[in-house]
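Biologist: I should like to learn how to read the features of a protein model. Could we take them in turn?

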Amino acid sequence: MTTTSIGQNSTEPSERGEIRLKAKAVSRGIAIGRVVCLFGSDRQFYRVQLAAKDIEPEVRRFKAAVRLSSKQLKKLANSEGPKHSLAGHEIFETHRLILEDASFVSKIEATIRERKTNAEWAVKVVTDEYVAKFKEIEDEHFRDRFVDLEDVAQRITNALGGGQRTKVRLDSDAVIVAKELRPSTMVEIYDGDPVALITEHGGWTSHTFILAREVNIPAVTGLKKILRRLDTGDQVIVDGYAGQVILHPNEETLREYRAAVTRVKLPTSPQLIEHSGPPRTLDSREIIIRANADLPTVYRRSRPLGVKGIGLFRSEFLFNRFGGFPTEAQQFDAYKRLAAAVGSDGVKIRTFDIGSGQLVERNDDRERNPALGLRAVRLSLAYPKQLRVQLRAILRAAHDSTVDIVIPMVSSVSEIRDVRKILNSERERLTSSGIACGDPGVGAMIEVPAAVLSADDIFREVDFACLGTNDLIQYLLAVDRDNETVANWYRTLHPAVLRAIKMVISASERSKKPVIVCGEMAGSPFYVPVLLGLGVTDLSMNVNSIGPVRAVISGIALEEARALAEEVLELSSPAEIEASVKNTVESKWAHLYSPDFLDARRF
Ligand code: PEP
Ligand code: MG
């Protein structure tokens, strides 16, 4: 992402007719702003208007990216091994020739200079022109070569992201519009403080929208071909309650929405503050609530709500923030700050849950099924050097602080044993060098069906477990959690999901070791009664969910929740269970829910 941004700040209504589009709300709130279109897939960017003084440095940045791309292609063309066939060699050579074609590269340079625009944008404009010409060619063989050109453009764009990054600056009313918004882009842009997000794809549990909810940015998704319908600078209203986007709003609509513009506010009523400390059900069962938080400031906001530390710190937040693996010093600093914010309540640091697609060095080895690929602990074990760095930073941060480790995507005890081995060897190294380290507890994420079926074995190897319902539902039901088109199959209240949760709770009780439910399900006031009924006593959630969830916990009796769970465990379809939960919520507990939750009816 680059420096200055383009866009007008006017809040005048548009001359064009108002268009209302139905979308899916994934982060609540309302915003009025101006569109900033985001392009690119691996590396996302928008058009930036450069000041005269920034043009030559931008050309130099582009040239450096071309040199890096050329070096990568040379290496790929010359590599040996089964994956690098003769055909592979030819493809990479062709790509190198495209890159060395003076007219392609110089045209991009000229575009940067003449249109005073960022390199990413210039690459896109010139590539689009070339691709259009290729598509006019009659000879099928030549016509299809545009794919190579697009590959090369993608490589340059990725290389542009590999260098130094500058702070993003967005206009104060930027509404980001993208086909899909990658979590890494989200981390980059949210310093720029966009007012809202609109995307074509992405689900409620996608990391991007989890982050949006954490920092209160309204967001909607599911708008097909949205980038074709609007341009950077267009005025737009995003309604993250009703799930609506209004393009070119007229004066009357603007007036109506200006009055309603609000970001979701944390409930800070004296009543809630008075109830700090863990909430209790009506029949006095204490339920622990923790925060899923990426920043100490976010955690501090939740402290008045009786939260008990950070139950899930997704350390890939740092990977995204630093544009790659952070150093030991950067990690140590971040972990220490979190530990200071939570004190004796503790922070549970999950080791990097990233996929191989996020590693620049593996960008050529695309996985067909990244969710089933070299991800999370698998990737950490494949890159043990980086795992050692992370574990060292955690061990050091755990000295005099309450810090635990969580291993993501565990599918058997083997991964836990492998990580423990590395952890112990790093502890020995640190201790023998006289460096103080602590004794972090080790926990496993239970989010893969195999882990549910091996829960008793897993509990024997760990100090605690974290139940990740986002991935558990994805893997149990074979539904991509980030794919809006299959969102109807992503059913939290599927009988198999509830049975799986019950199995994990029972294993936790047998082992007498705690399990924290930390997926989005834990932060939903609709699902929480079911979870309590299934035996859950420890929940970790987005800080903005704590108020509404507390209100529900404090207003129901465990006995009632158990009766609901017993009833739904007998049902055999998601629709029946959803209807049963809805019926109980509406008939018994409606007073505990805020009207927007009841209206949205998120099942
Ligand atoms: C989960 O899978 O439920 C979880 C908590 O982790 P993430 O959303 O980061 O995958
Ligand atoms: Mg997960």
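Modeller: Certainly. Please note that this model is predicted. Let us begin with Lys224, which lies in the loop between strand 6 (219-221) and helix 9 (226-229).

Biologist: Which surface patch includes Lys224?

Modeller: Lys224 belongs to a positive surface patch, together with Lys179, Lys225 and Arg228. Lys224 counts as partly exposed because its relative accessibility is 46%.

Biologist: How many disulfides does a search of the whole structure find?

Modeller: A disulfide requires two cysteine sulfur atoms within 2.5 Å. The search of the whole structure finds zero disulfides. Consider Cys518, whose closest cysteine sulfur is that of Cys466: the separation is 4.8 Å, so it is too far for a bond. Cys518 is buried, with a relative accessible area of 1%. Cys37 also counts as buried, at 3% relative accessibility.

Biologist: Let us turn to the backbone. What is the sign of phi in most residues other than glycine?

Modeller: Most residues other than glycine have a negative phi. Lys116 is not a glycine, yet its phi is positive, about 50°. Lys116 is placed in the loop between helix 3 (102-115) and helix 4 (119-136), and at 37% relative accessibility it counts as partly exposed. Ala376, again not a glycine, has a positive phi of about 55°. Ala376 is found in helix 15 (residues 376-382) and counts as buried, at 0% relative accessibility.

Biologist: How many salt bridges does the structure hold?

Modeller: A salt bridge is recognised when a side-chain nitrogen of Lys or Arg is within 4 Å of a carboxyl oxygen of Asp or Glu. The structure holds 33 salt bridges. In one of them, Glu100 pairs with Arg96, and their closest N and O atoms are 3.1 Å apart. Both residues lie in helix 2 (residues 86-100), four residues apart, about one turn of the helix. Glu100 is partly exposed, with a relative accessible area of 47%, whereas Arg96 is buried, at 16%.

Biologist: Which parts of the chain does the salt bridge between Glu129 and Lys107 link?

Modeller: In that pair the closest N and O atoms are 3.3 Å apart. The bridge links distant parts of the chain, with Glu129 in helix 4 and Lys107 in helix 3, 22 residues apart. Glu129 is partly exposed, at 34% relative accessibility, and Lys107 is partly exposed, at 32%.

Biologist: Are Arg350 and Asp353 buried or exposed?

Modeller: Both Arg350 and Asp353 are buried. Their side chains meet in a salt bridge of 3.7 Å, N to O. Arg350 and Asp353 also belong to a network of salt bridges with Glu316, Arg375, Asp471 and Arg481.

Key
Residues are numbered from 1 along each chain as its sequence is written. Chains are lettered from A and ligands numbered from 1 in the order in which they are written. This is a predicted model: local features need pLDDT of at least 70, side-chain atom pairs count only at pLDDT 80 or more; totals for chains, interfaces and linings use all residues. Side-chain values use heavy atoms; hydrogens and water are left out. Patches are made of residues with over 30% relative accessible area and no salt bridge: like charges are joined within 9 Å, nonpolar side chains (Val, Leu, Ile, Met, Phe, Trp, Tyr) within 5 Å. Accessible areas come from the Shrake-Rupley method with a 1.4 Å probe; for residues, only the protein chains shown count as cover. Lys and Arg count as positive and Asp and Glu as negative; His and the chain ends are not counted. The place of a charge is taken as NZ of Lys, CZ of Arg, CG of Asp or CD of Glu. Helices (H or I, at least four residues) and strands (E, at least two) are DSSP runs, numbered from the N terminus. Buried means under 20% relative accessible area, exposed over 50%, partly exposed in between (1.4 Å probe, protein chains only).
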